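Trainee: Could we go through this structure together? I would like to start with a single residue and work outwards.

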Amino acid sequence: MGGNKTVDSLKHGICGEIFIPGDKSISHRSVMFSSLGDRAVRIRNFLNAQDCMSTVACMRSLGIQIDQIGPTEFIVHGKGLHGLQEPQCIVDAGNSGTTLRLMMGILAPQPFLTTFTGDASLHKRPMGRVIKPLSAMGAHIVGRESAKFLPVTLIPTQKLKGIDYQMPMASAQVKSAVLLAGMYADGETRVTEPYTSRDHTEKMLETFGVALDKEGTSITIKAVDSFHAPELIEVPGDISSAAFWLVAASIIPGSELTLRNVGVNPTRTGILDVLIDMGADITLINKRFSGKEPVADIVVKSAALHGTTFGAKIIPRLVDEIPVIAVAAMFAEGETVITGAGELRVKETDRLQAITTEFNKLADCIIAAEDGLTIKGSAKLKAASCLSYHDHRIAMALAIAGAAGAGVTIDNAECVNISYPEFYATLETLRKG
């Protein structure tokens with residue numbers, strides 16, 4: 001992923017409408033779950049980006065036929081809960097932590113051996129947080145540094161047993177891995193989080209006919225005999241991708257954008273809550289559902305933002321949006337304080353460090369703490385050359401800061417292909433008005 005990208009300052013407000021590409025989290029799950037279903041499933045508005053295509057490649061390596069019939073439309077020929085086949089070679093999850101962690105939950109109960117690898121970034125991300133509860137269920141998983149890092153191998157074992165797992169942190173990926181393994185386990189499997197993380201797995205399990213018992217922040221699942229697939233899954237637009245345009249339109253004077261087909265699952269809308277608390281002009285229209293996922297169009301207009309404070313309770317609802325929230329805070333009046341965000345240190349890169357180092361090249365206004373950031377707003381930005389750290393969300397946040405400020409040159413800018421391949425083309429369309 002080489003190559004630099006220069007994003008010049010926009011000379012005018014941005015107006016028009018943007019159709020938001022498919023939600024990354026839901027796209028991953030749509031392919032995985034459909035592969036375990038009892039019929040062929042057509043998936044529309046699938047996010048055809050590197051991370052989600054890693055999931056497609058993984059499922060194909062497990063014997064699932066997946067036909068691509070358009071740029072964002074696929075047909076997955078499910079083979080049932082017990083239809084996966086032993087892969088003929090090492091399975092590569094690419095850059096995708098979601099692919100790896102959820103697949104470990106699906107494959108831990110299977111009667112065959114699977115070895116996973118990934119790219120250099122994924123080799124640095126902690127896997128012990130998933131392996132610990134799966135091992136407590138009886139899974140046999142080995143990996144580098146005492147099963148903490150890739151590569152990891154899942155070794156066939158006797159049937160898993162259900163557990164009552166108290167999660168030390170809110171994590172949709174860990175929760176999902178345990179619930180998916182719980183579909184194959186004896187007895188009940190219960191997962192309890194300190195705060196509710198995104199619930200796309202739970203909603204899609206229910207779409208496939210699985211009964212869940214929800215109480216507070218606890219989810220209980222029993223062994224599943226059959227998986228009744230729908231004929232069609234329409235993937236909503238990704239609010240994490242919409243977030244960049246929400247911030248851009250808020251901070252660039254004279255802007256008004258309509259963002260079409262955005263998923264507004266309450267476990268993902270922390271970005272809306274924070275921006276509105278900062279004074280953003282955001283309205284949801286045309287509210288509807290896609291399956292069990294709420295969807296809306298979002299109208300955002302430029303507004304005078306002010307600083308805010310938020311912490312651990314809301315972090316699971318906006319953890320991926322913190323880089324672009326930091327951009328909004330740089331343009332807001334007053335100070336913004338973010339706490340409880342230590343999880344950002346083990347993402348594609350150490351995002352707290354990346355934000356502090358690179359965004360301060362544009363305006364020296366950010367101080368990092370161990371688990372958060374303090375951002376002094378109303379900064380006057382200057383042009384700079386910045387590193388993306390091969391992190392798609394850092395690159396896109398830098399691009400928005402440069403467009404709203406004095407411009408920016410981003411190294412390895414193509415890393416946006418991980419989640420939003422059309423990002424720069426969309427930005428250029430807005431530039432032309």
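Mentor: Certainly. T98 has its place in helix 3, and please keep in mind that this is a predicted model.

Trainee: Is T98 buried or exposed?

Mentor: T98 is buried, with a relative accessible area of 10%.

Trainee: And what does T98 touch, leaving out residues up to four places away in sequence?

Mentor: With those left out, T98 touches H28, R29, M32, M103 and Q173.

Trainee: Staying with helix 3, at what angle does it pack with helix 5?

Mentor: Helix 3, residues 97–107, and helix 5, residues 128–136, pack at an angle of about 10 degrees, and their axes are 10 Å apart. Angles under 35 degrees count as roughly parallel, so helix 3 and helix 5 are roughly parallel to each other.

Trainee: Which residues make the contact?

Mentor: Helix 3 contributes R101, M104 and G105, while helix 5 contributes R129, V130, I131 and L134. By class, that contact has four nonpolar residues, one polar residue and two charged residues.

Trainee: Let us turn to helix 8. How many of its residues are buried?

Mentor: Six of the eight residues of helix 8, residues 200–207, are buried, and the helix is mostly covered. The buried ones are H200, T201, E202, K203, M204 and L205.

Trainee: What do those buried residues pack against?

Mentor: They pack against helix 1 (24–35), helix 3 and helix 7 (172–182), and also against strand 12 (212–215), strand 13 (218–222) and strand 17 (293–301).

Trainee: What follows helix 8?

Mentor: Helix 8 is followed by G209, whose phi is positive, near 85 degrees.

Trainee: Which residues other than glycine have a positive phi?

Mentor: E145 is one of them, with phi near 55 degrees. E145 is found in helix 6, residues 144–147, and counts as partly exposed at 49% relative accessibility. Another is H390, with phi near 60 degrees. H390 lies in the loop between strand 22 (384–386) and helix 13 (392–404), and is partly exposed, with a relative accessible area of 45%.

Trainee: Why single those out?

Mentor: Most residues other than glycine have a negative phi, and most peptide bonds are trans.

Trainee: Then where is there a cis peptide bond?

Mentor: A cis peptide bond joins L150 and P151, with omega about -5 degrees. P151 has its place in strand 9, residues 149–155.

Trainee: Now the interior. How many residues does the largest nonpolar core have?

Mentor: The largest nonpolar core has 80 residues, and W245 and L259 have the most contacts inside it. Helix 9, residues 239–251, gives the most to this core, with ten residues. There is also a second, separate core of 70 residues, which includes V41, A93, L107 and L205.

Trainee: What does W245 touch, again without residues up to four places away in sequence?

Mentor: W245 touches I18, I20, L257, L259, V300, I400, Y420, F423, T426, L427 and L430.

Trainee: Y420 is in that list. Where is Y420 placed?

Mentor: Y420 is in the loop between strand 23 (408–410) and helix 14 (423–432). At 1% relative accessibility, Y420 counts as buried. Leaving aside neighbours within four places in sequence, Y420 is in contact with I18, P21, A49, S241, W245, M396 and T426.

Trainee: How enclosed is helix 11?

Mentor: Nine of the ten residues of helix 11, residues 322–331, are buried, so this helix is largely enclosed by the rest of the structure. The buried residues are I322, P323, V324, I325, A326, V327, A328, A329 and M330.

Trainee: One last topic: how many disulfides are found?

Mentor: A search of the whole structure finds zero disulfides.

Trainee: Why does C58 have no such bond?

Mentor: The closest cysteine sulfur to that of C58 is in C89, and at 10 Å it is too far for a bond. C58 is also buried, with a relative accessible area of 1%.

Trainee: And what of C386?

Mentor: The sulfur of C386 is 12 Å from the closest cysteine sulfur, which is in C365, and that is too far for a bond. C386 counts as buried, at 2% relative accessibility.

Note on methods: Residues numbered from 1 in each chain as written. Predicted model: local features only at pLDDT ≥ 70, side-chain atom pairs only at ≥ 80, totals over all residues. Heavy atoms only, no water. Core = buried A, V, L, I, M, F, W, Y, C linked by side-chain atoms within 4.5 Å. Buried < 20%, exposed > 50% of the residue type's maximum accessible area, 1.4 Å probe, protein only. Helix = DSSP H or I, 4+ residues; strand = E, 2+ residues; numbered from the N terminus. Contact = heavy atoms within 4.5 Å. Disulfide = S-S within 2.5 Å. Axes fitted to C-alpha atoms, helices over the stretch in contact; angles between N-to-C directions. Parallel < 35°, antiparallel > 145°, perpendicular 65-115°, else oblique. Nonpolar A, V, L, I, M, F, W, Y, C, P; charged D, E, K, R; others polar.
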